[in-house]
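User: I'd like to go through the labels on this model and see what earns each one. Can you start with the definition behind the helix-to-strand angles?

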Amino acid sequence: MPGLAARGRLHRRRRTTPARHPHPGHRPQGGSMKQHRTPVLIVGGGLTGLSAAVFLAHHGVAATLVERHPDTSTHPKARAINPRTMELYRAVGMEERVRAGRSPISGNTDLVHVESLAGKERVRMPSASPEDIGRISPTQWTLIDQNQLEPILRERAVEAGADVRFSTRVDGLQEDAEGVLAHTTDLSTGESSQIHARYVIAADGSRSPLREMLGIGAHGRGTITDLVSFFFEADLTQALRGRRIIAAYVNNPEVRGTVIPIDNDRRWVINVSFFPEQGQRAEDFTEERCTALVRAAVGVPDLPLKIESADMPAWDISARVADTFATRRVFVAGDAAHVMPPTGAFGASTGIQDAYNLAWKLALVLSGTAGPGLLESYDAERRPVAEETVRQAMLRFAVREGKQYQEVAAELLDETTMTFGYCYRSGAFAAEEGAPDAIVEDPAHPSARPGARAPHLQLDGPEGPVSVIDLYGDGFTLLVDEAAGRWTGAVEREAERLGVALKVVRIGRGTRLWDQDGSFRRRYGLLAGGAVLVRPDGFVGWRTTAGRSGPVDQAAIAALRGVLDRV
């Protein structure tokens with residue numbers, strides 16, 4: 001189910017520019033400065049930052065989060081969370097809580113490119129059916145507006161022990177031998193303070209002030225189009241012709257934009273491109289002009305409608321990826337690391353997955369269980385995925401801009417592949433010799449190789465069906481085929497010595513979890529006696545296709561130590 005953004009996932013042009021990196025001797029006038037210490041400072045209270053706070057708390061790390069705005073988003077913005085991201089919320093016990101906040105358009109299925117809503121339909125983007133997704137995951141797409149999801153995440157983060165501070169701006173960062181010192185200002189009182197963190201996550205948006213302070217560049221096309229958005233009320237029943245749209249991308253001589261339902265009844269938002277190089281300005285979008293644009297987009301010249309607002313700030317759609325996602329102690333995530341067109345609903349989910357990848361690594365390094373090299377894998381794993389995701393979003397946006405679907409179809413990866421099939425080429429796993437270098441694979445036929453997502457599989461248990469996905473998320477999981485020898489005890493003892501949470505799960509007819517038809521071996525690419533080590537984020541860290549005793553336990557121990565940078 002490709003998604004959308006009601007007002008775009010990227011920056012607004014009207015923004016407050018934070019102060020530059022302060023001089024090392026900077027101190028506020030008039031007394032001593034408050035200081036606070038935290039293991040992790042998260043800068044940015046959007047979907048990525050709030051999710052990072054929740055994921056860190058799940059791993060036992062009480063982070064501090066600061067956000068310069070006074071509250072969570074008041075606009076829908078991102079409106080779709082893909083099934084892979086829902087697996088992450090499921091792992092931390094939030095799946096039903098998130099689903100409870102889903103938007104009124106949650107039952108809609110159609111993403112269409114049209115000349116006008118009442119006119120010719122150019123192409124309907126393909127999407128996976130719930131049945132197709134059900135063979136790959138225990139969960140599904142969730143259409144939930146960003147302004148509904150952010151408060152849910154904020155509440156959960158606070159419940160779990162995170163220190164969440166809105167109306168707080170970071171004015172500068174200084175690294176020292178033990179961490180990072182952040183200079184902050186409480187925008188409600190003007191009071192300055194300092195926060196000392198072992199590590200910092202910069203999730204402060206597409207124009208990330210922290211990324212600028214760190215001198216991290218970005219590459220990519222940059223701004224693709226400038227837009228204005230406005231809400232309107234109208235009855236579009238006749239123009240819809242029975243379609244239940246997630247979004248309609250409109251392209252005709254009078255208007256280029258996107259029509260999106262808000263309440264699935266009479267309230268809509270339209271995002272309209274304008275072109276400064278042709279002398280067009282956001283200020284030119286008067287109520288009269290907005291009315292004409294809506295009628296052109298719908299394709300009904302005399303459509304009765306009411307414009308709710310015509311003075312919202314302009315914004316843009318961009319495509320950029322940061323040159324690196326990490327310095328020694330600061331990690332960029334979400335829009336600070338990558339921005340992309342909203343076509344495909346990739347932006348929000350990619351940022352949340354950044355946070356999930358980073359949270360377990362930070363937790364293990366902070367506890368002393370893993371070496372600092374584990375954190376180096378964040379950039380190695382996530383940046384190539386971001387590059388490909390931005391490229392796929394751009395291909396989809398090209399169709400919105402007028403390209404024929406057939407022109408991009410050869411390069412376009414289907415929605416399910418991009419959602420579940422991305423793989424890490426290098427990072428915190430024991431790569432297999434001769435493994436393919438592809439950034440994606442078909443999740444309907446997964447390889448289960450190290451660096452790939454551990455595939456979904458429905459098992460039978462004493463209390464009913466169990467998804468193997470539900471075994472992951474807390475620590476490491478060693479899945480062992482029933483025919484394997486009793487070598488796992490050595491791995492368990494080593495994990496205990498290292499201070500690593502590890503559970504061993506034997507799968508087969510003579511165990512507590514079994515498959516009826518040998519699907520575990522097939523799904524995970526194993527022969528009799530094989531085993532797979534799965535990381536806390538649900539990615540495969542090591543695999544032996546067959547093994548009974550002898551050196552297998554030492555190979556598993558070496559892989560575990562390698563992932564932890566404890567070699």
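Analyst: Sure. Axes are lines fitted to C-alpha atoms, and angles run from 0 to 180 degrees between N-to-C directions. Keep in mind that this is a predicted model.

User: What angle does helix H13 make with S22, and which strands does the helix lie across?

Analyst: H13 (residues 488-498) runs at about 160 degrees to S22, and it lies across both strand S21 (476-481) and S22. The scale ends at 180 degrees for N-to-C directions, so about 160 degrees puts H13 and S22 towards the opposite-direction end.

User: What makes S22 and S24 edge strands?

Analyst: Each of them pairs on one side only. The open sheet has four strands in the order S22-S21-S23-S24, with mixed pairing. Its edges are S22 (502-507) and S24 (540-544), and the twist averages 15 degrees from one strand to the next.

User: How do you know that S23 and S24 count as paired?

Analyst: Pairing takes at least two bridges, and S23 (residues 531-534) has four to S24, so the two strands qualify. They run antiparallel, and Val 534 stands opposite Val 540 in S24.

User: What about S4 and S5: how many bridges join them?

Analyst: Three bridges join S4 (residues 110-114) to S5 (residues 121-124), and the cut-off is at least two, so they pair as well. These strands also run antiparallel. A hairpin links them through six residues, and Val 114 has Glu 121 of S5 as its bridge partner.

User: Why is helix H2 called mostly covered?

Analyst: Buried means under 20% relative accessible area, and seven of the nine residues in H2 (residues 83-91) meet that, so the label fits. Among them are Pro 83, Arg 84, Met 86 and Tyr 89.

User: What makes the Asn 82 and Arg 84 pair a polar contact?

Analyst: At the start of H2, a side-chain oxygen of Asn 82 comes to within 3.1 Å of the backbone nitrogen of Arg 84. The limit for N or O atoms is 3.5 Å, so the pair falls inside it. After H2 comes Gly 93, with a positive phi near 75 degrees.

User: Which residues have the most contacts inside the largest nonpolar core?

Analyst: Phe 55, Tyr 89, Ile 201 and Phe 476, in a core of 112 residues. Helix H9 (residues 347-366) gives the most to this core, with 12 residues. As for Ile 201, the residues it touches include Val 40, Leu 56, Phe 331 and Leu 362.

Key
Residues numbered from 1 in each chain as written. Predicted model: local features only at pLDDT ≥ 70, side-chain atom pairs only at ≥ 80, totals over all residues. Heavy atoms only, no water. Buried < 20%, exposed > 50% of the residue type's maximum accessible area, 1.4 Å probe, protein only. Polar contact = N/O pair within 3.5 Å; in protein donor to acceptor, adjacent residues only side chain to side chain. Core = buried A, V, L, I, M, F, W, Y, C linked by side-chain atoms within 4.5 Å. Contact = heavy atoms within 4.5 Å. Lists of a residue's contacts leave out its neighbours within four places in sequence.
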